[in-house]
Amino acid sequence: MGLWYLVGQSISGRAYRSGLIVSFILVLAAFLMSTTLLAKSIRHSLKVGMERLGADIVVVPAGKEKETQTALLLGKPLSGAWMPEENVDRIVQVEGVAKVSPQLYLETLTGAACCSAWDMFMIAFEPETDFTVTPWLREKLNKPLGPHDVIGGDWVIVPEATGEIMIYGVKVNLAAKLEPTGLGLDQTMFLTFETTREIAKESVATAARPLEIPEGKISAVQVKVKKNYAIDEVAKRIMATVPGTYAFASLELTRAIHRQTEGLFRMLFLGLTVVWVLAVVLSGLVFSLMVNERRREIGLFRSIGANRKFIFKLFLTESSVLGIGGGLIGVVFAVVFIYLFRVYLMLSAEVPLLIPPLPSLLGFMLACLVIALILALPALLYPAIRASRIDPAVVMREG
């Protein structure tokens, strides 16, 4: 009889207790994977989102900074953020500023029959100066946006029922969709100033409440900082030079998310510690019971010539098979769970979330599986060591 045959017979013959051990390791691996995958997905989302945002600094009307950050991070519609258009010329003259581009922050009508997209955040940009969406258009779409053309985030779709997107009663064409970022940009619609003004003009006749854009007003200014200039210092200069504005660095969005998730991950890692202790203790207890049950079996093996090394290898292999099986199931379960419920997690926890690409994810899953097995190592080694130390003479006398 070979080692693997004996392992298979033992596991199948003690299905209930083997299932308990698999379950303990499964929960440990799933908790570890889900906790760390959430952290990695948030970091990945912020990295991709900041690259897509493109700006080093966003300048908004004072008092609207929190709402703007929430809109950019979570896609919550924002309106009523207005400041003088002249601020663009004033900001570009600030020392350290390389490029500027104005934007309008708008929202669709809530639940209105004239809008097939309800509660959507809309960002209007100026193609001549824009350095966020326009470079992507040149690379992917390879043509400028036409009249009533819009760009959608990853979540923006054309309703199947109507086959068209209506904004304030005006039909728009979804020319392209941005790649997912996990940020609010995924549920944001981008359109040019020209298209926005056309929609505002036509909405007077087509919408229950027309789209109103105050004359000579903008919502935000995207800023690129010159090389060798500190972004935070330039932001302070902008606020000192242009009263009534708040300039926040893109990194401030990252810091805001870190502050927001600090308590969440503290609780998750505390829970992980509790789960680890319980999994190791309970697995070790079940393994110990199995060793006690098999004392005569161990004595028989020793009496027919099996040495301590073989007994140690037998029990270690068995516990490792159960551990790897439970860990693998737990890791896969955690990934599937987070993938299926990622939208709910984003909205309920109010954090950006973007699952890393497959090659990175597979490597991450393997790393978590190895870590889970290392954490469970005390429970895996204990029964093997204990079984190998059983004296066959004592066991035979007990029988």
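**Exercise 1. How many bridges join β1 to strand β11, and in which sense do the two run?** Then place β1 in its sheet.

This is a predicted model.

Step 1. Start with the pair. β1 and β11 (residues 245-249) are joined by five bridges, and they run antiparallel. In β11, Phe248 stands opposite Val58.

Step 2. Turn to another partner of β1. β1 pairs with strand β10 (residues 220-225) over three bridges, in the antiparallel sense. Here Val58 stands opposite Gln222.

Step 3. Check the cover. β1 spans residues 57-61, and five of its five residues are buried. The strand is therefore mostly covered, given that buried means under 20% relative accessible area.

**Exercise 2. Trace the sheet from one edge to the other.**

Step 1. Write the order. The open sheet has nine strands: β6-β7-β5-β8-β4-β3-β10-β1-β11. Its pairing is mixed.

Step 2. Find the edges. They are β6 (165-167) and β11, each of which pairs on one side only.

Step 3. Note the turn. On average, neighbouring strands are turned by 35° against each other, direction ignored.

Step 4. Add the helix. Helix α3 (residues 65-74) packs on the sheet and touches β1, β3, β4 and β11. The direction of α3 makes about 40° with that of β11.

**Exercise 3. Explain what makes the pairing mixed, using β3 and β4.**

Step 1. Recall the rule. Strands of a sheet pair through backbone hydrogen bonds, either parallel or antiparallel.

Step 2. Look at β3 with β10. They pair antiparallel over six bridges. Ser101 has Gln222 of β10 as its bridge partner.

Step 3. Look at β3 with β4. Strand β4 (residues 121-125) is joined to β3 by five bridges, and the two run antiparallel. Tyr105 stands opposite Ile123 in β4.

Step 4. Look at β4 with β8. Strand β8 (residues 188-192) pairs with β4 in the parallel sense, over five bridges. Phe121 has Thr188 of β8 as its bridge partner.

Step 5. Conclude. β3 and β4 run antiparallel, whereas β4 and β8 are parallel. The sheet has mixed pairing.

Step 6. Check the cover of β3. This strand holds residues 97-107, and eight of its eleven residues are buried.

**Exercise 4. Classify how helix α2 packs on α12 and on α10.**

Step 1. Take α12. Helix α2 (residues 15-53) and helix α12 (residues 358-375) pack at about 140°, with axes 9 Å apart. Angles over 145 degrees would count as roughly antiparallel, so α2 is oblique to α12. The crossing is right-handed.

Step 2. List the residues that meet. From α2 they include Leu28, Leu32 and Thr36; from α12 they include Phe364, Met365 and Ile371. By class, this contact has twelve nonpolar, two polar and one charged residues.

Step 3. Take α10. α2 and helix α10 (residues 308-340) pack at about 40°, with axes 6 Å apart. Angles under 35 degrees count as roughly parallel, so α2 is oblique to α10 as well. α2 passes α10 in a right-handed crossing.

Step 4. List this contact. Among its residues are Ile21, Ile25 and Leu37 of α2, with Gly323, Gly326, Gly327 and Gly330 of α10. The classes are 16 nonpolar, six polar and no charged residues.

**Exercise 5. Which residues have a positive phi without being glycine?**

Step 1. Recall the background. Most residues other than glycine have a negative phi.

Step 2. Find one in a loop. His148 has a phi of about 65°. His148 lies between α5 (134-141) and β5 (149-152).

Step 3. Find another. Asn228 has a phi near 70°. Asn228 lies in the loop between β10 and α7 (231-241).

Step 4. Check exposure. Asn228 has a relative accessible area of 83%; the cut-off for exposed is over 50%, so Asn228 is exposed.

**Exercise 6. Is Ile238 buried or exposed?** Then describe its surroundings.

Step 1. Locate it. Ile238 is in helix α7.

Step 2. Apply the cut-off. The relative accessibility of Ile238 is 0%, so Ile238 counts as buried.

Step 3. Name contacts. Not counting residues up to four places away in sequence, Ile238 touches Ile57, Val59, Ile91, Val94, Val97, Val223, Thr245 and Ala247.

Step 4. Set a distance. Ile238 and Leu141 are 97 residues apart along the chain, and their C-alpha atoms are separated by 34 Å.

Definitions and conventions: Residues are numbered from 1 along each chain as its sequence is written. This is a predicted model: local features need pLDDT of at least 70, side-chain atom pairs count only at pLDDT 80 or more; totals for chains, interfaces and linings use all residues. Side-chain values use heavy atoms; hydrogens and water are left out. Axes are lines fitted to C-alpha atoms, for helices over the stretch in contact, and angles run from 0 to 180 degrees between N-to-C directions. Helices (H or I, at least four residues) and strands (E, at least two) are DSSP runs, numbered from the N terminus. Angles under 35 degrees count as roughly parallel, over 145 as roughly antiparallel, 65 to 115 as roughly perpendicular and the rest as oblique. A crossing is left-handed if the near helix is turned anticlockwise from the far one by less than a right angle, and right-handed if clockwise. Contact means heavy atoms within 4.5 Å. Ala, Val, Leu, Ile, Met, Phe, Trp, Tyr, Cys and Pro count as nonpolar, Asp, Glu, Lys and Arg as charged, and the others, Gly among them, as polar. Buried means under 20% relative accessible area, exposed over 50%, partly exposed in between (1.4 Å probe, protein chains only). Two strands pair if DSSP finds at least two bridges between them.
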